[in-house]
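Trainee: I have a structure open and I'd like to learn how to read it. Could you walk me through it, one feature at a time?

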Amino acid sequence: MSNRTLQVTDEVYDYLLDVSLREPEILKELREVTAEHPNARMQISPEQGQFMSLLVRLMGARRCLEIGVFTGYSSLAVAAALPDNGLILACDVNEEYTSIARAFWERAGVAGKIDLRLGPALDTLDDLLDDGQADAFDFAFIDADKSSYPGYFDRCLRLLRPGGLIAVDNTLWSGRLVDEREQDADSCALRDFNRAVHADERIDLSLVPIGDGLTLARKRP
Ligand code: SAM
Ligand code: CA
């Protein structure tokens, strides 16, 4: 028993998956295909995908944003949890990665729920705001270039309805943020981002130690 978050050993992690993971076959296959990719480590973990699908179900989310698609694991996990009239507006810059995503969305029967926008996500989000889409989304998942996290967060917050939720990935960054010798651009950006979010009175906050750290921020009404 413990009154602080458990350190998850390999054995405990295997147990957690064994007694809780319910990964659909198509997501398992996407994970296996992505494992062969040189950037396979960019994909979220299966238990995180399941957690995010639970969150969107819990919220009754219908309109979602995704910043950073890669081969489509997180978008597929979330899309499968949305109602038939649900939508993910998914942003990425990479045609090669997202061609894998598209093929899996088709096979999973969720392609009609995902609107892929290829181009810098800051521009796509600005276009949505210019188009009068403020307060029009329920859920956003931020998982692209770390230096732009403040810009993504600010825009997503405006695009979400009051009570909507932003999930931000990699906010524990393999534990490197506690070591001040780690002064690379991504580590510095994530440290600054975490401090800013902690002080942000516009949101309710929790940093969940699942995957590489997932910050949940609910837009206060
Ligand atoms: N969520 C994905 C998953 O579950 O597999 C992983 C996303 S991966 C960590 C980050 C993605 O962000 C890459 O596919 C990359 O092409 C994309 N990206 C990088 N810079 C971007 C930008 N400025 N705008 C949009 N997407 C960007
Ligand atoms: Ca990530």
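Mentor: Sure, and keep in mind that this is a predicted model. Start with a helix: is α7 mostly covered or mostly open, and how many of its residues are buried?

Trainee: Let me try. α7 is mostly covered, since I find eight of its 11 residues buried.

Mentor: Right. Residues under 20% relative accessible area count as buried. In α7 those are Y149, G151, Y152, F153, R155, C156, L157 and L159.

Trainee: How do I read a nonpolar core, and which residues touch the most other members in the largest one?

Mentor: General idea: in soluble globular proteins, nonpolar side chains tend to be buried together. Here the largest core has 32 residues, and L76, V78, I88, W105 and F139 touch the most other members. Helix α4, residues 73-81, gives the most to this core, with six residues. A further core of 27 residues lies apart from it, with C91, A140, F153 and V197 among its members.

Trainee: Which residues is V78 in contact with, leaving aside its neighbours within four places in sequence?

Mentor: Those contacts are M52, V56, C64, I88 and F139. I88 and F139 are also on the list of residues that touch the most other core members.

Trainee: What about nonpolar residues on the surface: which ones form a patch?

Mentor: Look at L6, V8 and V12, which together have about 250 Å² of accessible area. V12 sits in helix α1, residues 10-20, and is partly exposed at 32% relative accessible area.

Trainee: Now the metal. Which residues supply the protein donors of the calcium ion (ligand 2)?

Mentor: For a metal site, list the donor atoms, then ask where their residues sit. D143 appears twice through OD atoms, D169 gives an OD and N170 an OD1, at 2.2 to 2.9 Å from the calcium ion. Along the sequence, the spacing reads D-x25-D-N. D143 is in the loop between β4 (137-142) and α7 (149-159) while D169 is in strand β5 (residues 160-169), so the pair ties together parts 26 residues apart in sequence.

Trainee: Are those donor residues buried or exposed?

Mentor: D143 is buried at 13%, D169 is buried at 3%, and N170 is buried at 12% relative accessible area. N170 also has a positive phi of about 70° although it is not a glycine, and its place is the loop between β5 and α8 (185-198).

Trainee: Which other residue has a positive phi, of about 55°, although it is not a glycine?

Mentor: That's F70. You'll find F70 in the loop between β1 (63-67) and α4, buried at 7% relative accessibility.

Trainee: Last topic: how many salt bridges does the structure hold?

Mentor: It holds 18. To read one, check the N to O distance, then how covered each partner is. R31 and E23 meet at 2.7 Å; R31 is partly exposed at 28%, whereas E23 is buried at 16%.

Trainee: And why does the bridge between E180 and R191 tie together parts that are 11 residues apart in sequence?

Mentor: Because E180 lies in the loop between β5 and α8, and R191 in helix α8. Their side chains meet at 3.8 Å, N to O. E180 is exposed at 53%, but R191 is buried at 14%. Salt bridges can also join into a network, as with D154, R158, D200 and R202.

Notes. Residues are numbered from 1 along each chain as its sequence is written. Chains are lettered from A and ligands numbered from 1 in the order in which they are written. This is a predicted model: local features need pLDDT of at least 70, side-chain atom pairs count only at pLDDT 80 or more; totals for chains, interfaces and linings use all residues. Side-chain values use heavy atoms; hydrogens and water are left out. A nonpolar core is a set of buried Ala, Val, Leu, Ile, Met, Phe, Trp, Tyr and Cys residues joined through side-chain atoms within 4.5 Å. Buried means under 20% relative accessible area, exposed over 50%, partly exposed in between (1.4 Å probe, protein chains only). Helices (H or I, at least four residues) and strands (E, at least two) are DSSP runs, numbered from the N terminus. Contact means heavy atoms within 4.5 Å. Donors are N, O and S atoms within 2.8 Å of the metal (3.2 Å for Na, K and Ca); water is not among the atoms, so sites may look incomplete. Patches are made of residues with over 30% relative accessible area and no salt bridge: like charges are joined within 9 Å, nonpolar side chains (Val, Leu, Ile, Met, Phe, Trp, Tyr) within 5 Å. Accessible areas come from the Shrake-Rupley method with a 1.4 Å probe; for residues, only the protein chains shown count as cover. A salt bridge is a side-chain nitrogen of Lys or Arg within 4 Å of a carboxyl oxygen of Asp or Glu.
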